[in-house]
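Hi there,

Here is the structure I promised to pass on to you. Have a look at it first, and then read on for what I found.

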Amino acid sequence: MDNQVLTERLNIVIVGHVDHGKSTVVGRLLADTDSLPQGKLQQIQEMCRRNSKPFEYAFLLDALKDERSQGITIDAARIFFKTAKRYYIIIDAPGHIEFLRNMVTGASHAEAALLVIDAEEGIQENSRRHGYLLSLLGIRQLVVLVNKMDLVGYSKETFDKITAEYGKFLGQTGLTGTFIPISGMQGDNIASRSDTMPWYTGKTVLETLDSFVKEPAPLHKPFRMPVQDVYKFTAAGDKRRIVAGTVDSGDVRVGDEIIFYPSGKSSIVKTLEQFNAQVPQQFEAGTAAAITLETQIYIARGQIAAKVGQPAPQVSSRLQVSLFWMGKKPLVKNKEYILKIGTARQPMVVEEILSTIDAAEMATGQSNEQVKYHNVADCILRTARAIAFDPAAAIEGTGRFVIVDEYEIRRGGRFRTALRD
């Protein structure tokens, strides 16, 4: 393994109700894969000895002073380790309901998820809420870790009961998951198979991680580049107008005819520009890009560049969306908010609330006036001017948005479709 050159990296978020053992599981993963910095384990063990506290694997992650004093994970910590197959970044997200927005922020950068449920305590409110959020964020690779099996005598009956109940809940969200019985404290089924649960014949957590599929960069999808800015240079007669942004999907090269939405202005790519580096043959998904155009057209920040001849983004000032609300004050109709997609910002109002869902209980309501704290809703939004976007199921980068209220992000969701203006 040490001589193998690893190039692949996978982002995984680990979530679950508070005290269900997420940090313990990750701490055990780090220890069992020899991924800890030299002396780190001994340092934490010595700290526990000095403070007369029993050692816990969770302390390997909870580096913040406030976390150690309260025994909870407050922020989303990023943990690096590797197996024989690839590098991993595990995002350890908080379980307290007060820090749910931190969990969403962490999960939005993940390609797969581990969801931890305490076998003794069972399925809790945030167990369901986290599951629904993962489905809303578009995460499709999910493993449910039924933790603390040692506290229930490694009972197959307990495991089967949680698997049946939570599996049914996941089905309502459109998700499916693989279930693994584990003990983070004892290391059962983490890196090696456990003799204490001979009835379980599936994969260990590490084997399951390695079975996850790395989602390829969206190179095969239509070209999308939200415009970050347009730079003009005047020194030594330089007349270039450089359009800059980050490519969300597809690629662009010299000679491509591109069109900017929602303005509809088009031109041909004249040059690719790179500061103090060799100019590439093309800019592709995930890279910062800078281009010049054959014709001098006015392009504003927030527009989305697409290729002529490829499927175009949708353009409208009326948008049907799915969103998750985290503002202390409810999301209400006819109040002005700010909608942010990519580099664009637009004033908007909620025109209609089609339905609301309690993400913990999956109870559907028909409130026509507001979306309450921590609820999911299908809504129709109306922006001050038309904006360009893609349905999130088609192109993730230009299919997500956030809502700003009183200078604070109150969370967001995914675009579903454009409606007639």
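Let me start with helix H5, which is mostly covered, with 11 of its 12 residues buried. Please keep in mind that this is a predicted model. The buried residues of H5 are Asn126, Ser127, Arg128, Arg129, His130, Gly131, Tyr132, Leu133, Leu134, Ser135 and Leu136. An α-helix has 3.6 residues a turn, so residues three or four places apart point the same way. H5 itself runs over residues 125-136. From first C-alpha to last it reaches 17 Å, close to the 16 Å expected at 1.5 Å a residue. After the helix comes Gly138, and its phi is positive, near 85 degrees.

Stepping back to the whole protein chain, you will find 7 helices and 23 strands. The chain has 421 residues, and 50% of them are buried. Taking the contacts with a separation of 6 or more, 70% join residues that are 24 or more positions apart. As for the surface, about 19,800 Å² is accessible, and carbon and sulfur atoms hold 49% of that area.

You may also like to know about the space inside. How many cavities of 30 Å³ or more are there? The count comes to 1, and the space in the largest cavity is about 60 Å³. Its lining is made up of Val230, Arg241, Val243, Leu293, Thr295, Gln296, Ile297 and Ile299. Sorted by class, that lining has 5 nonpolar, 2 polar and 1 charged residues.

Finally, a word on Asp421, which is found in the segment after strand E23 (408-419). Is Asp421 buried or exposed? Asp421 counts as exposed because its relative accessibility is 61%, and the cut-off for exposed is over 50%. Even so, Asp421 has partners from elsewhere in the sequence: leaving aside neighbours within four places, Asp421 is in contact with Ser316, Ser317 and Arg318. With Ser316, the separation is 105 residues in sequence, while the two C-alpha atoms are 6.3 Å apart in space.

That is what I have for you. Do write back if you would like to go through any of it together.

Best wishes

Note on methods:
Residues are numbered from 1 along each chain as its sequence is written. This is a predicted model: local features need pLDDT of at least 70, side-chain atom pairs count only at pLDDT 80 or more; totals for chains, interfaces and linings use all residues. Side-chain values use heavy atoms; hydrogens and water are left out. Helices (H or I, at least four residues) and strands (E, at least two) are DSSP runs, numbered from the N terminus. Buried means under 20% relative accessible area, exposed over 50%, partly exposed in between (1.4 Å probe, protein chains only). Contact means heavy atoms within 4.5 Å. Accessible areas come from the Shrake-Rupley method with a 1.4 Å probe; for residues, only the protein chains shown count as cover. On a 1 Å grid over the protein atoms alone, a cavity is a set of points where a 1.4 Å probe fits but cannot get out, and a pocket is an open set with protein on both sides within 12 Å along at least five of seven lines; lining residues have an atom within 4 Å of a point. Grid points are joined across faces, edges and corners, and a volume is the space filled by probe spheres set on the points. Ala, Val, Leu, Ile, Met, Phe, Trp, Tyr, Cys and Pro count as nonpolar, Asp, Glu, Lys and Arg as charged, and the others, Gly among them, as polar. The expected span of a helix is 1.5 Å times one less than its number of residues.
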